[in-house]
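Visitor: I would like a close look at a single part of this model. Pick one stretch, show what surrounds it, and keep the description brisk.

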Amino acid sequence: MAPSSSLVSKLKVQLKLSISRLRMVQQKDTAIAKQQRRQMAHLLELGKEESARIRVENIIRSDITTELLEILELYCELLLARIGLLEAKECDPGLEEPIKSIIYAAPRTDVKELQQARQLLVEKYGKEFALEAIENSDGKVAERVLKKLKVEPPDPELVNSYLKVIASTYGVDWPKGQSKQEHASSEDDENPSGGQAVKSLEEPLTVGELNKATPPRDLGPKSPVSIAPPSPSTDNISPRIKLPGPPELKPSAKMSGLKKETPSTQAQSEPNRKEVEGQGKKAVGGKIPDVDELARRFAALKR
């Protein structure tokens, strides 16, 4: 057996080659899948539905294989990032799943670089470790890898979903008449009264109500952060993003209690304020004494 350091260095090089090769294969499969989708759209346009249903299974299988290669690429990047943990004699528990998944799935792919990396992993950890991974006796192989490697016919609902997405992407009316029905339903939603104008039953908003209204979200400068929807997969063909709305600010019990007490407090403070003003007027107000009155007071003080 080769020394551990040299084996790990070879494995590091092989993992880098595997990552680049896996990316190239994914790009190639994606380009071929686009051509096949155009052919499916042409078959649906010609009305050859049965032929399209059979051929679309090849597209589904190709997409599943591409997803598997993407998972294996992520595992290779993980091993490359934690290459220092491979120096140990025993397998690290955090690397057991990616290592056994690569040992299990590499022979089922056409990537030679990944198969050579598998051989180095088997040489590193021994035949018993490799046998456990091949048989998956301890259940350490990732569930999603096992799911992608299952050989079974696709579900009919998945086939229909693929055909609908292909037809809508390339503007094909399939199933026949569905686009007309959707167009008619959209017209009904826009004009539910059958074409007759209906008077508005709501009163127009005043200027004060418009000032209190919440401005639309798209008003003002846009955020530099944008969220892109996830790429479609065989598990979710048409993914969507649901963003949470603005939080509703509800007044607390203390604030609501203060609001209730405010009118009564104002009513009680109003007479008090009037009394204070009256007393102030009495203290400040009054008749100014004349000169004779002041002389009379001084005379009384002299006595």
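**A covered helix and its surroundings**

Guide: Set aside the neighbours within four places in sequence, and Leu-22 is in contact with Leu-69, Leu-72, Glu-73, Cys-76 and Val-111. The model is predicted. Leu-22 belongs to helix α1, which runs over residues 4-46. Its relative accessible area is 0%, so Leu-22 is buried; the cut-off for that is under 20%. Asp-110 lies 88 residues away from Leu-22 along the chain, yet the two C-alpha atoms are 9.7 Å apart.

Two of those contact partners, Leu-72 and Cys-76, lead on to the part I have picked. Both belong to α2 and help make its contact with α3. So which residues does α3 span? Helix α3 covers residues 96-105.

First, the setting. The protein chain has 11 helices and zero strands. Its pattern along the sequence is α-α-α-α-α-α-α-α-α-α-α. The chain has 303 residues, and 25% of them are buried. Take the contacts between residues at least 6 apart in sequence: 75% of these join residues at least 24 apart. The accessible surface is about 22,800 Å², with 54% of it belonging to carbon and sulfur atoms.

Now α3 itself. Is this helix mostly covered or mostly open? It is mostly covered, with nine of its 10 residues buried. These are Glu-96, Pro-98, Ile-99, Lys-100, Ser-101, Ile-102, Ile-103, Tyr-104 and Ala-105. The charged residues Glu-96 and Lys-100 are thus on the buried list. What covers them? The cover over the buried residues of α3 includes α2, α4, α5 and α6, the last at residues 143-148. Three of these packings can be taken in turn.

Start with α2. Its axis is 10 Å from that of α3, and the angle is about 135 degrees. The two helices are therefore oblique to each other. The crossing of α2 past α3 is left-handed. On the α2 side, Leu-72, Tyr-75, Cys-76, Leu-78 and Leu-79 make the contact. On the α3 side stand Glu-97, Pro-98, Ile-99, Ser-101, Ile-102 and Ala-105. By class, that contact has nine nonpolar, one polar and one charged residues.

Next, α4, at residues 112-125. It packs on α3 at about 125 degrees, with the axes 9 Å apart. This pair is therefore oblique too. The crossing of α3 and α4 is left-handed. From α3 come Ile-99, Ile-102 and Ile-103. They meet Leu-114, Arg-118, Leu-121, Val-122 and Tyr-125 of α4. By class, the contact has seven nonpolar, no polar and one charged residues.

Then α5, at residues 127-135. Here the angle is about 75 degrees and the axes are 8 Å apart. That makes α3 roughly perpendicular to α5. Glu-96, Ile-99, Lys-100, Ile-103 and Tyr-104 take part from α3. Phe-129, Ala-130, Glu-132, Ala-133 and Ile-134 take part from α5. By class, the contact has seven nonpolar, no polar and three charged residues.

Follow Ile-99 through these packings. It is one of the α3 residues in contact with α2. Ile-99 also meets α4 and takes part in the contact with α5. Ile-102 serves in the contact with α2 and in that with α4. Ile-103 meets α4 and also helps make the contact with α5.

Past α5 there is a backbone feature to check. Asn-136 sits in the loop between α5 and α6. It is not a glycine, yet its phi is positive, near 55 degrees.

Go back to α2, which spans residues 49-81. Arg-61 is found in this helix. Is Arg-61 buried or partly exposed? Its relative accessibility is 31%, so Arg-61 counts as partly exposed. Beyond its neighbours within four places in sequence, Arg-61 is in contact with Lys-148, Lys-150, Val-151 and Glu-152. Arg-61 and Lys-148 are 87 residues apart in sequence, with 9.2 Å between their C-alpha atoms.

One last stop lies further along the chain. Trp-174 and Pro-175 are joined by a cis peptide bond, with omega about -10 degrees. Pro-175 lies in the loop between α7 (156-169) and α8 (178-190).

Definitions and conventions. Residues are numbered from 1 along each chain as its sequence is written. This is a predicted model: local features need pLDDT of at least 70, side-chain atom pairs count only at pLDDT 80 or more; totals for chains, interfaces and linings use all residues. Side-chain values use heavy atoms; hydrogens and water are left out. Helices (H or I, at least four residues) and strands (E, at least two) are DSSP runs, numbered from the N terminus. Buried means under 20% relative accessible area, exposed over 50%, partly exposed in between (1.4 Å probe, protein chains only). Contact means heavy atoms within 4.5 Å. Axes are lines fitted to C-alpha atoms, for helices over the stretch in contact, and angles run from 0 to 180 degrees between N-to-C directions. Angles under 35 degrees count as roughly parallel, over 145 as roughly antiparallel, 65 to 115 as roughly perpendicular and the rest as oblique. A crossing is left-handed if the near helix is turned anticlockwise from the far one by less than a right angle, and right-handed if clockwise. Accessible areas come from the Shrake-Rupley method with a 1.4 Å probe; for residues, only the protein chains shown count as cover.
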